[in-house]
Amino acid sequence: MVSGNLKPGCLRWYACLVFPFGLMLSPDSLSLLGNWVGVSGIHFLQMLFFGAVVHSLNAFSYNRVYHPESGAGGDVDYVKQSLGSVTALLFPICSRIPLAACATTGILATAGYVFNEIFLIWFPNLGFSFLLLAVLLMIGWLGGKAILPAQIFSMALVVCGLMLISLWGLLPGENTPIGGTAVAEASFSLLHLYALGLVFFVGFDLSAVIGYSEPGRSGRAAHLMLWAIVFGGLVLAVWGWVSLLRVSPDRLAATSVPYSIAAREILGSPGRNIMGVVILSASFGFSNALLTAVS
């Protein structure tokens, strides 16, 4: 667990953003976003807005669970007081550990394939996955002094890479737009669309789980979670909008790597390379955030 004894200021604020971003901007999240941008067209903004509103309301409820004076174990203390010690023991074991084991495995596999296909085709994809896992374990062994800078650096690469490609994609050009801003006669369930909106903001509570809430300020944790939801939603909305402008909805909906197709359409080969760096950094940030929360 990363130490929560950070001095108030920018470092604490960044720490409360980069761990939630690890889940919100994961490769799977970007892939799901691109697919549903293709399926729903401009309606994807409703999806993100609904998810942001619901989780913003949850943030204030979570603030009572993660009370500042309880520290990083506030959720376990809350369950212990409500349902007993056995449930408090099983609660994190049955929820966090299976998620971390299964989700991290899938994300590291994705990173291996991306590295193999974009950068070094002769390098074994699973070899890179195990190499990245070894780096994560070494950083975790070094503790908070290594975990936090690594997370900030990785998520800075993700956000800067997405925003760079997005801003370039918003510039007027002969390729704008390809598929328009709506899908002609698209058929999708609004209920399904809104339910998916909840998925994109999973992890917003990591700012409290990691233990960065300030003692003596009961509303601080909720405000930090709200900032994570707002900024994460804005990044996803901008990237989804640019993808819709530059790539036909049918192509976005039909591929498992819509982010790569969008990057290639916007910047060509350099865009594909930048997106490769983004996906590798996002894979690292996702895995680092989950392993830190579990420990």
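For sorting pocket linings, Ala, Val, Leu, Ile, Met, Phe, Trp, Tyr, Cys and Pro count as nonpolar, Asp, Glu, Lys and Arg as charged, and the others, Gly among them, as polar. The structure is a predicted model, in which local features need pLDDT of at least 70 and side-chain atom pairs count only at pLDDT 80 or more, while totals for chains, interfaces and linings use all residues. Residues are numbered from 1 along each chain as its sequence is written, and side-chain values use heavy atoms, with hydrogens and water left out.

The overall picture is quickly drawn: the protein has 12 helices and zero strands. Both kinds of element are DSSP runs numbered from the N terminus (helices: H or I, at least four residues; strands: E, at least two). Of the 295 residues, 47% are buried, where buried means under 20% relative accessible area, exposed over 50%, and partly exposed in between (1.4 Å probe, protein chains only).

Helix α2 spans residues 27–40. Its 14 residues reach 20 Å from the first C-alpha to the last, close to the 20 Å expected at 1.5 Å a residue; the expected span is 1.5 Å times one less than the number of residues. Most of α2 is covered, with 11 of its 14 residues buried, among them Leu30, Leu33, Trp36 and Val37. Just after the helix comes Gly41, with a positive phi near 65°.

α2 also turns up in the second largest pocket, where α2, α5 (85–119) and α12 each supply at least two lining residues. A pocket here is worked out on a 1 Å grid over the protein atoms alone, as an open set of points where a 1.4 Å probe fits, with protein on both sides within 12 Å along at least five of seven lines; lining residues have an atom within 4 Å of a point. This one holds about 280 Å³ of space, the volume being the space filled by probe spheres set on the points, which are joined across faces, edges and corners. Its lining has 18 residues, of which Val114, Glu117, Val257, Tyr259 and Ser260 lie nearest the centre. α12 gives the most, with eight residues. By character, the lining splits into nine nonpolar, five polar and four charged residues.

Two residues of α5 are worth a look. Thr104 sits in this helix and is buried at 6% relative accessibility. A polar atom of the Thr104 side chain lies 2.6 Å from the backbone oxygen of Ala100. Asn116 is also in α5 and is buried too, with a relative accessible area of 16%; its C-alpha is 9.7 Å from that of Gly127, 11 residues apart along the chain.

Over in α1 (residues 10–24) is Phe21, buried with a relative accessible area of 8%. The C-alpha atoms of Phe21 and Ala289 are separated by 8.8 Å, although the two residues are 268 apart along the chain.

As for charge pairing, a search of the whole structure finds one salt bridge, defined as a side-chain nitrogen of Lys or Arg within 4 Å of a carboxyl oxygen of Asp or Glu. It joins Arg251 to Glu265, whose closest N and O atoms are 2.6 Å apart. Arg251 belongs to α11 (residues 249–254) and Glu265 to α12 (residues 258–294), so the pair ties together parts 14 residues apart in sequence. Both partners are partly exposed, Arg251 with a relative accessible area of 37% and Glu265 with 26%.

Key
Polar contact = N/O pair within 3.5 Å; in protein donor to acceptor, adjacent residues only side chain to side chain.
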